Amino acid sequence: MFGYAALVCLAAVLFWLDPILRVVAPSVLLDAPVLRKTPRPPINEALLALEDNDSSLTCPDDAYTVHIFSKAPLVLYVENFLSLDERRHLIEISTPIYEASTVTHDGGGTVQRNATVRDSEVAVVPRDNVVRCIEARARRLQGWRDDLWIERLRVQRYQAPSGHYSYHYDWSRSGAATGGWGRVSSLMVFVDDGELDESAGGRDASPLKGGGTAFPRLPRRSTDARWCKVIGCPDGTKETDDGVNSDGAVYASTDNPTGVVFQPVVGNAVFWENFRPDGTGRAYEETWHAGLRVRQGVKVGLNIWSWGRVD
Ligand SMILES: *[C@@H]1O[C@H](CO)[C@@H](O)[C@H](O)[C@H]1NC(C)=O
Ligand SMILES: *[C@@H]1O[C@H](CO)[C@@H](O)[C@H](O)[C@H]1NC(C)=O
């Protein structure tokens, strides 16, 4: 009898304690691990594009338009992030300095080339004025967030018949595992489809086929046909994964609204947040993505990653 009363008491205490604790001390609850915040690691100036606040730098006004694709994770579709002149300039400065892209298997320690995983060439572009204006635009888009640094800009070239980047996350370890620091956001810009980089023989002779960016786990919230030109349509009027990279990928249809392939529309960009802003340091599984195989022609992209404090 006493045991029963004690159990009822305990249940009542737990019942009332839980919502109170959630308000006053969420960290006490086991289901809400709180990110242990550590001091910032040293800034690596070779990898990050530090803002120099050069008042003589004059940049063109932003000309882009933003559409929210998803709220959680935050995914933005950005039209006209780069102008034609900027795209042309990026091709010019990248072409002489491309190197084979590498992958990391242990969260950044060692890098190696593995064309099964990633088959592309990369150029870490010099920080001239055009590039610094693009960096500034990426900071502005993110509201000059505290404790956020833009990584050095990387131009990536994917050529037919094998250029691709298999499914991956842009973060390698959770925010909790790194003490609250990591690659917090990704901005992936489509720079060229062979109009400017003629390495595949020019756009007319060899138009780009394939090369979309697939997010098989990302829910699609809109069925509006105005998205068709950038993400393809459920009726398959745009190209999707041709099977070469299909590690379980599924694509949006009327029955299954999960999965999307952003088509390589030049000048446009996709921005996404990698970590949940709930103080746990957990990343979003929905950001798993691939650069689909370029089946014909050439695709050039620009990666603007941001490193900083995980919320
Ligand atoms: C430039 O300004 C930002 C924001 O005020 C500041 O964090 C940064 O340290 C400045 N950089 C230099 C080199 O002064
Ligand atoms: C390249 O990656 C694939 C897939 O992860 C793996 O099976 C293969 O062993 C890797 N090759 C090398 C040389 O590491």
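This tour visits the aromatic ring pairs of a predicted model and two arginines placed over rings. Local features need pLDDT of at least 70 and side-chain atom pairs pLDDT 80 or more, while totals for chains, interfaces and linings use all residues; side-chain values use heavy atoms, without hydrogens and water. Residues are numbered from 1 along each chain as its sequence is written, with chains lettered from A and ligands numbered from 1 in the order in which they are written.

The whole structure holds 12 aromatic pairs (rings of Phe, Tyr and Trp, the last by its six-membered ring, with centres within 6.5 Å; planes under 30 degrees apart are stacked, over 60 edge-to-face, the rest tilted).

Select Phe-69 and Phe-262 to begin: their ring centres are 5.2 Å apart and the planes stand at 65°, so this pair is edge-to-face. Phe-69 belongs to strand β1 (residues 65–70) and Phe-262 to strand β14 (residues 258–262), so the contact ties together parts 193 residues apart in sequence; strands are DSSP runs of E, at least two residues, numbered from the N terminus. Phe-69 is buried at 6% relative accessible area, and Phe-262 is buried at 0% (buried means under 20%, with a 1.4 Å probe and protein chains only).

Move next to Trp-181 and Trp-307, whose centres lie 5.5 Å apart with planes at 20°, so they are stacked. Both are buried.

Then add Tyr-77, Phe-215, Trp-227 and Trp-272 to Phe-69 and Phe-262, and a cluster linked by ring pairs appears.

Finally, select Arg-183, whose charged end sits over the ring of Trp-305 at 3.8 Å from its centre (CZ of Arg, or NZ of Lys, within 6 Å of the ring centre and within 35 degrees of the ring normal), and Arg-137, which lies over the face of Phe-81 at 5.6 Å from the ring centre.

How values were computed: Helices (H or I, at least four residues) and strands (E, at least two) are DSSP runs, numbered from the N terminus. Buried means under 20% relative accessible area, exposed over 50%, partly exposed in between (1.4 Å probe, protein chains only).
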